[in-house]
Amino acid sequence: MLVRAGGKVTVVSPELGGELEKLLQKGEISHLKTEFKPGDVGDYRIVIAATNKRDVNQAVYEEASKKNIPVNVVDTPDLCSFITPSIIDRDPVQIAISTGGASPVLARLLRSKLETFIPAAYGRLGKLVESYRDRVKEIFKHNSNHIRGFWEHVLEGSIADLLVAGKDKAAQEALEKAVSAAKVPEDIGEVYLVGAGPGDPDLLTFRALRLMQRADVVVYDRLVSAEILEMVRRDAEFVYVGKERDKHAVKQENINELLVRFANEGKKVLRLKGGDPFIFGRGGEEIETLMEEGVSFQVVPGITAAAGCAAYAGIPLTHRDYVQSCMFVTGHLKDGTVNLNWSALAHKGQTIVFYMGLHGVKEICKQLVAHGLDSSTPAALVEKGTTPQQQVHIGDLQTLPAIVDSTEILPPTLIIVGDVVKLHNKLSWFEPSGAKPLAYPVSN
Ligand code: SAH
């Protein structure tokens, strides 16, 4: 492996085995025919000890460490300042898998999995692309955004498929054609208004993920989990415009203006929102401004909190035996009251989902009962739904406020009212791991 990677290898050993002997004959390695002795570490770039003598390995390790030369003692993680990961080689593409010494077998298993679904053609793809790199850089006058855009477009197209099918010549011709036709694009910004779902990154849509990988700048809310932000292109600029209840970090008008400004600078702007952008997300207001300013945009729906929390809490929002309709309403308090059409809500045979209802829970339960619902109507409060910290608090219109009062509850929370809540006992399936959330990034 060292020779193949272009290393100049010297083997220190009283004898050489068959394979090493052959490499020596071919002039690919040098040989010091001697036992290891102090000083042999010399000024090599890296040192690997692979003897079956612990004291020799130890001596090599110590001498190399003293000289700050990276050293690896085979199969002895304690005596390694670096480790050699398992490698998937699609030269020039390389993927290294390491378990930090915890389980080489696990690394090998992963490797065999990845081997099977990374086509061998990706090596040839890498080489083909490499042969055009300089030309493409020239065409786009070294503007890294344009270069990236070009390659994204090309690599998401059919060239890789042609290579996988063994049609190398056709692939090369297709790339030649694409490169010949390439020209510097006008810097046209665009806004992607993307729903990031309720928290679990697995609930992102494919399209959301694709656009997250393409963004130059991401403008995100408090509801977007750190786990999801991890999946945004690393080089993107991160701008936090989160809101807390009654505290607006950045005013809505300013967010709208910010999106327009970034897009007019020619940037791909990812506006990432919790849940679905058109459900209590003010997505409509944001694109209205974009429309007025002539900025192009696209909207990607997300799994809204009601759908996500209901699924992960085992509470079907509709069920033939219980309900015929489901309402999504905001429980946000204005001047201490929740301003809703209570008589339209308080129907048996209807599930009601309250977004932003935590602080109004007392009022919500009171009004529903005052407008005709039984105080024994089941009600659930789902805390941090779909995340490893999810908690489901079950009660009824009578008991829920007291449950909320006596429990430490962290936002975001969703309230579900209706007979379907009874099904939670039977249908609950999701077992949150309780793992701590990732630390939230600070906007840059
Ligand atoms: N556009 C979002 C809703 C934004 S309003 C969507 O479609 O889901 C914010 C409210 O959504 C929160 O106050 C809370 O009621 C609800 N919410 C969002 N994510 C949630 C989650 N993971 N668990 C529980 N409630 C959530």
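Helices (H or I, at least four residues) and strands (E, at least two) are DSSP runs, numbered from the N terminus. With those labels in hand, here are some close-ups of this predicted model.

**View 1. Elements and domains around the ligand.** Two elements, α12 (305-313) and β18 (413-417), each bring at least two residues to the shell around the ligand. Domain 3 (190-303) and domain 4 (306-427) each contribute at least three residues to that shell.

**View 2. The shell, residue by residue.** Here we meet the 18 residues around the ligand, of which Pro198, Asp276, Ile279, Thr304 and Thr413 come nearest. Sorted by class, the shell holds 11 nonpolar, 5 polar and 2 charged residues.

**View 3. Polar contacts of the ligand.** Look for Thr304 again: one of its polar side-chain atoms sits 2.6 Å from an oxygen atom of the ligand. Ala305 takes part through its backbone, with an N or O atom 2.8 Å from a ligand oxygen atom. At Gly274, a polar backbone atom is 3.1 Å from a nitrogen atom of the ligand. On its own the ligand has 540 Å² of accessible area, and the protein covers 91% of this.

**View 4. The largest nonpolar core.** This core has 22 residues, and Ile352, Phe354, Leu368, Leu400, Ile415 and Val417 touch the most other members. Two or more residues come from each of α13 (342-345), β15 (350-355), α14 (361-370), β16 (378-383), α15 (400-406) and β18. The most generous contributor is α14, which gives 4 residues. You may recognise β18 from the first view: this strand supplies at least two residues to the ligand shell and two or more to the core.

Methods:
Residues numbered from 1 in each chain as written. Predicted model: local features only at pLDDT ≥ 70, side-chain atom pairs only at ≥ 80, totals over all residues. Heavy atoms only, no water. Near = heavy atom within 4 Å. Polar contact = N/O pair within 3.5 Å; in protein donor to acceptor, adjacent residues only side chain to side chain. Areas by Shrake-Rupley, 256 points an atom, 1.4 Å probe, with all protein chains shown as cover. Nonpolar A, V, L, I, M, F, W, Y, C, P; charged D, E, K, R; others polar. Domains from an automatic or database assignment. Core = buried A, V, L, I, M, F, W, Y, C linked by side-chain atoms within 4.5 Å. Buried < 20%, exposed > 50% of the residue type's maximum accessible area, 1.4 Å probe, protein only.
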